Amino acid sequence: MQVQINQSSKPQIKLSKRVQEILVCPICHNHLDLGREDCNCTECKAIFPINNGIPILIDENSSIFSVKDFLYHRNTTFNLSRKNKFIEFLNRLIPSISINIKTTENYHRLIKLLLARSTNPKVLVVGGSILGKGTEVIVKDPDIELVETDVSFGPRTTLICDGHSLPFADNSFDGVIIQAVLEHVIEPSRCVEEIYRVLKDDGLVYAETPFMQQVHAGCYDFTRFTHLGHRRLFRKFEEIDSGATCGPGMALAWAYNYLLLSFTTSKFLRKLIGLFVRLTVFPLKYLDYLLINRPGTLDAASAYYFIGKKSDQILSDKKLVNLYKGVC
């Protein structure tokens, strides 16, 4: 017996109409026809499924992920399965060894810059399945429309796509946020090229990327950047501001944590070590309030940020090396 499916009961696509209008095929960048069950490219005839209202726009030729990863809900980059309640309680009770000094301030600044350009800016978030540190301020702003994408299903995911091949038309967004993502992609430069492509001519980018951090996403962790290396990555952008967002105090705490973790592969012992480290060295992170704006921190920071505007000028490598502000 065939089961009749009520079409009206199927979830609506979780994107606004004006965002749907800028969606394109991730393979050939041509127009997509959006249905309730899939998206069809009018040019290359590729078909992309929609899962629970979330389009899965993955170009399998340029991604380490496949469409089936998302149809079968395989773990991709983040495991969002249910966690032990006791461990979660301890995690809330014991101070973290991580601290992000600049992000909230940076997002307040980004909001002002965006609203100075548009009354209702569209902002793409690459890697936005969960809230990033400090992003609460921009999420709560009613005048900014966020399009939160990721290669993981999460509480905030509205679209599955890979940063190497963004399924949006050229010159579509007023801003792009890519926070703690570029270390997890195969080709960071290609992702930045895609960001450049989908931004409007005066569009803004906000990026945070680690420097002194150990592996924290298993097999999905590839790259680190110095301050100048991060600036070169965004050489097609005019710099508005850049600097350290997580300082050397946090970097030292992480190094100590991973030193102890190196002694065992036991999941239970590693959890105990993590709790021990947090109890014993969490004060180190507070040193970053004193150090975050010092020149030496640019040589030793845990992570850097960059705020930039799309430009038609490319920063040369000769000019790049003259921008060094550290003390080494």
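Start by selecting K45, which sits in the loop between β2 (38-41) and β3 (47-51). The model on screen is a predicted one. Colour K45 by its backbone angles: its phi is positive, about 70 degrees, although K45 is not a glycine. Is K45 buried or exposed? K45 is exposed, with a relative accessible area of 58%.

**Another positive phi**

Go next to A180, in the loop between β8 (173-179) and α6 (188-198). A180 is a residue other than glycine, and its phi is also positive, near 55 degrees. The relative accessible area of A180 is 41%, so A180 counts as partly exposed.

**C191 in α6**

From that loop, move into helix α6 and select C191. At a relative accessible area of 2%, C191 is buried. Which residues does C191 touch, leaving aside its neighbours within four places in sequence? The contacts are G163, H164, L182 and V185. Now select S165 as well and draw a distance from C191: the two are 26 residues apart in sequence, and their C-alpha atoms are 7.5 Å apart in space.

**The annotated stretch, 156-206**

Select residues 156-206. The unreviewed UniProt entry places its annotation "domain: Methyltransferase type" on this range. Over these residues the chain is 22% helix and 35% strand. The C-alpha atoms at the ends of the range are 19 Å apart.

**Helix α4**

Select α4, residues 103-117. At 1.5 Å a residue, its 15 residues should span 21 Å, and the end C-alpha atoms are indeed 21 Å apart, so the expected and computed spans agree. Show the side chains of T103, N106, Y107, L110, I111 and L114, which are the buried residues of α4. Turn the view to look down the axis of α4: the buried residues fall within an arc of 145 degrees, so they line one face of the helix. The spacing has a general background: an α-helix has 3.6 residues a turn, so residues three or four places apart point the same way.

What does the face of α4 turned away from the buried side carry? The exposed residues K112 and A116 are there.

To see what covers the buried residues of α4, add the surrounding elements. Among the covering strands are β5 (122-126), β8 (173-179) and β9 (199-210). The cover also includes β10 (237-246) and β11 (303-310), together with the helix α5 (136-139).

**Helices α8 and α9**

Select α8, residues 248-261. The 14 residues of α8 should span 20 Å at 1.5 Å a residue, and its end C-alpha atoms are 20 Å apart, which agrees. The buried residues in α8 are P248, G249, M250, A251, A253, W254, N257 and L261. Three elements pack against these buried residues: β10, α9 (267-281) and α10 (288-291). β10 was also part of the cover of α4.

Add α9 to the selection. Its 15 residues should span 21 Å at 1.5 Å a residue, and the end C-alpha atoms of α9 are 21 Å apart, in agreement. In α9, the buried residues are I273, G274, L275, V277, R278 and V281.

With both helices shown, look at how they pass each other. Two packed helices are described by the angle between their axes and the distance between the axes. The axes of α8 and α9 come within 10 Å and cross at roughly 150 degrees. The crossing is right-handed. Which residues of α8 meet α9? On the α8 side they are A253, Y256, N257, L260 and L261. On the α9 side they are R270, I273, G274, F276, V277, T280 and V281.

Between the two helices lies a loop; select F263 in it. F263 has a relative accessibility of 69% and counts as exposed. Draw a distance from F263 to E43: they are 220 residues apart in sequence, and 54 Å apart in space from C-alpha to C-alpha.

**Last stop: E60**

Finish at E60, in the loop between β4 (54-57) and α2 (67-71). E60 counts as partly exposed, with a relative accessibility of 44%. Not counting residues up to four places away in sequence, E60 touches F65, S66, V67 and K68. For a final distance, pick E60 and E136: 76 residues separate them in sequence, and their C-alpha atoms are 32 Å apart in space.

Methods:
Residues numbered from 1 in each chain as written. Predicted model: local features only at pLDDT ≥ 70, side-chain atom pairs only at ≥ 80, totals over all residues. Heavy atoms only, no water. Helix = DSSP H or I, 4+ residues; strand = E, 2+ residues; numbered from the N terminus. Expected span 1.5 Å × (residues − 1). Buried < 20%, exposed > 50% of the residue type's maximum accessible area, 1.4 Å probe, protein only. Arc of directions from axis to C-beta. Contact = heavy atoms within 4.5 Å. UniProt positions renumbered as here; feature names shortened; annotations may be inferred. Axes fitted to C-alpha atoms, helices over the stretch in contact; angles between N-to-C directions. Left-handed = near helix turned anticlockwise from the far one by under 90°.
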